[in-house]
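Please look over the sequence and the model below, and keep both at hand while reading. The paragraphs that follow move from a single residue to the cores, the salt bridges and a pocket.

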Amino acid sequence: MSIFGVHPHPPLRAEGQLPSFDGATEWLNSAPLSPADLRGQVVLVDFWTLTCINWLRTEPYVRAWSQTYRDHGLVVVGVHTPEFSFEHEIERVRCATAQRAIDYPVALDNDYGVWSAFDNHYWPALYFVDREGVIRDHHFGEGRYEQSERVIQRLLGIQRDFVSVSAVGVEAEADRDNLRSPETYLGYARGGHKAPLEHLRLNQWGVAGEWTSRAEKVTLERANGSIAFRFHARDAHLVLSRNASKPIPFRVLLDGDAPGSSNGIDVDEDGGGVLNEGRQYQLVRQRESVRERTLEITFVERDAEAYVFTFG
């Protein structure tokens, strides 16, 4: 006990040495880094993949920590380990890095070499490393932001107010009080709760038109095909890509009508949107009372690819 009667923070346990980044296939924003290059600095390693809604909601905090503490000796190293096939393309990762204003080093981990070196299993995953190259803490998933920032401060040997984060768009914190729909994959490897389009119940989805089911996605084979989902959440997102040379227009309906003020950032109030790159698209944000709704998205051209619905 201290002389003031207050227990100090317990020591951070050692969780092993910082593994090598040799498995990285390429680097963005930096030359290749090694544990030796980072010795003497506090390191935060952030495993991510560009379509992951959980990572998108943590990124404002990681970005703020990088900007706030870099002059005190913090280095953030992002490790992009792709979940879906199209996320292996470096230009997509480069685009996502620019869109999220990520200016810290990013290791591209297309072969899962770094993932395996850390024995990691999650997106997002944070590993906190001291100046001697020893991992002192970790956290998987969203949340625990103040505790994580406190760990950074302890490793740096400083104390200050926590950063203030105001996240918008797909980065905004989920409305967990109204979140009753789970992440739902559409490919046959992990897909579930599929039902006829006209008889959807909560958390079921279905298709209309000519679709081909593949392990990680469904692909539209003929124009004017639709996907519908019965959900209960403030936000509805869909990971999309395209196997076409030009963008694919789409239209979103909510309970059979244009979404109006419940449109997501990738959809106008009339329901119009464009699939122009592989990423997470926000289709719905209910700005009034959140209730159970049916979302339907129709693509006017073939070759749209849909991977997973996420909600917030």
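Helices and strands are DSSP runs, numbered from the N terminus, with at least four residues for a helix and at least two for a strand. With these names in hand, and keeping in mind that this is a predicted model, we can begin with Phe86, which is found in the loop between β3 and α3. Is Phe86 buried or exposed? Its relative accessible area is 5%, and because buried means under 20%, Phe86 counts as buried. Leaving aside residues up to four places away in sequence, Phe86 touches Thr51, Arg92, Val239, Leu240, Ser241, Gly278, Arg279 and Tyr307. One of these contacts shows how folding joins separate stretches of sequence: Phe86 and Arg279 are 193 residues apart along the chain, while their C-alpha atoms are 9.3 Å apart in space.

From this residue we turn to the nonpolar cores. The largest nonpolar core has 31 residues, and those with the most contacts inside it are Leu44, Trp65, Leu74 and Ile152. At least two residues of this core come from each of the elements β2 (42–48), α2 (53–69), β3 (74–80), α3, β4 (106–108), β5 (125–129) and α5 (145–156), and α2 gives the most, with 8 residues. Leu44 offers a good view of this packing, since its partners, not counting residues up to four places away in sequence, include Val62, Trp65, Leu74, Phe128 and Ile152. A second, separate core has 28 residues, among them Phe231, Ala233, Phe299 and Phe309.

Charged residues form another kind of link. Side chains of opposite charge can pair when their charged atoms come close. In this model the count comes to 23 salt bridges. One of them joins the side chains of Arg302 and Glu221, with 3.5 Å from N to O. This pair links distant parts of the chain, 81 residues apart, with Arg302 in the loop between β16 (292–299) and β17 (304–311) and Glu221 in the loop between β10 (218–220) and β11 (225–232). Arg302 is partly exposed, with a relative accessible area of 41%, whereas Glu221, at 19%, counts as buried. Both residues belong to a network of salt bridges that links Arg214, Glu221, Arg302 and Asp303.

A further salt bridge, at 2.5 Å from N to O, is formed by the side chains of Arg293 and Asp255. Because Arg293 lies in strand β16 and Asp255 in the loop between β13 (248–254) and β14 (272–275), the pair ties together parts that are 38 residues apart in sequence. Arg293 counts as buried at 9% relative accessibility, and Asp255 as partly exposed at 35%. The side chains of Asp235 and Arg234 also meet in a salt bridge, at 2.7 Å from N to O, and here Asp235 and Arg234 are both buried.

Finally, we come to the empty space. Rolling a probe the size of a water molecule over the atoms shows where such space is left. The largest pocket has a volume of about 210 Å³, and of the 14 residues that line it, the closest to its centre are Gln99, Arg100, Glu277, Arg279 and Gln280. Arg279 is thus a residue we have already met, as a contact of Phe86. Which elements each supply at least two residues of the lining? They are α3 (90–99) and β15 (279–285), and the largest share, 4 residues, comes from α3. By type, the lining divides into 6 nonpolar, 3 polar and 5 charged residues.

How values were computed: Residues are numbered from 1 along each chain as its sequence is written. This is a predicted model: local features need pLDDT of at least 70, side-chain atom pairs count only at pLDDT 80 or more; totals for chains, interfaces and linings use all residues. Side-chain values use heavy atoms; hydrogens and water are left out. On a 1 Å grid over the protein atoms alone, a cavity is a set of points where a 1.4 Å probe fits but cannot get out, and a pocket is an open set with protein on both sides within 12 Å along at least five of seven lines; lining residues have an atom within 4 Å of a point. Grid points are joined across faces, edges and corners, and a volume is the space filled by probe spheres set on the points. Ala, Val, Leu, Ile, Met, Phe, Trp, Tyr, Cys and Pro count as nonpolar, Asp, Glu, Lys and Arg as charged, and the others, Gly among them, as polar. A nonpolar core is a set of buried Ala, Val, Leu, Ile, Met, Phe, Trp, Tyr and Cys residues joined through side-chain atoms within 4.5 Å. Buried means under 20% relative accessible area, exposed over 50%, partly exposed in between (1.4 Å probe, protein chains only). Contact means heavy atoms within 4.5 Å. A salt bridge is a side-chain nitrogen of Lys or Arg within 4 Å of a carboxyl oxygen of Asp or Glu.
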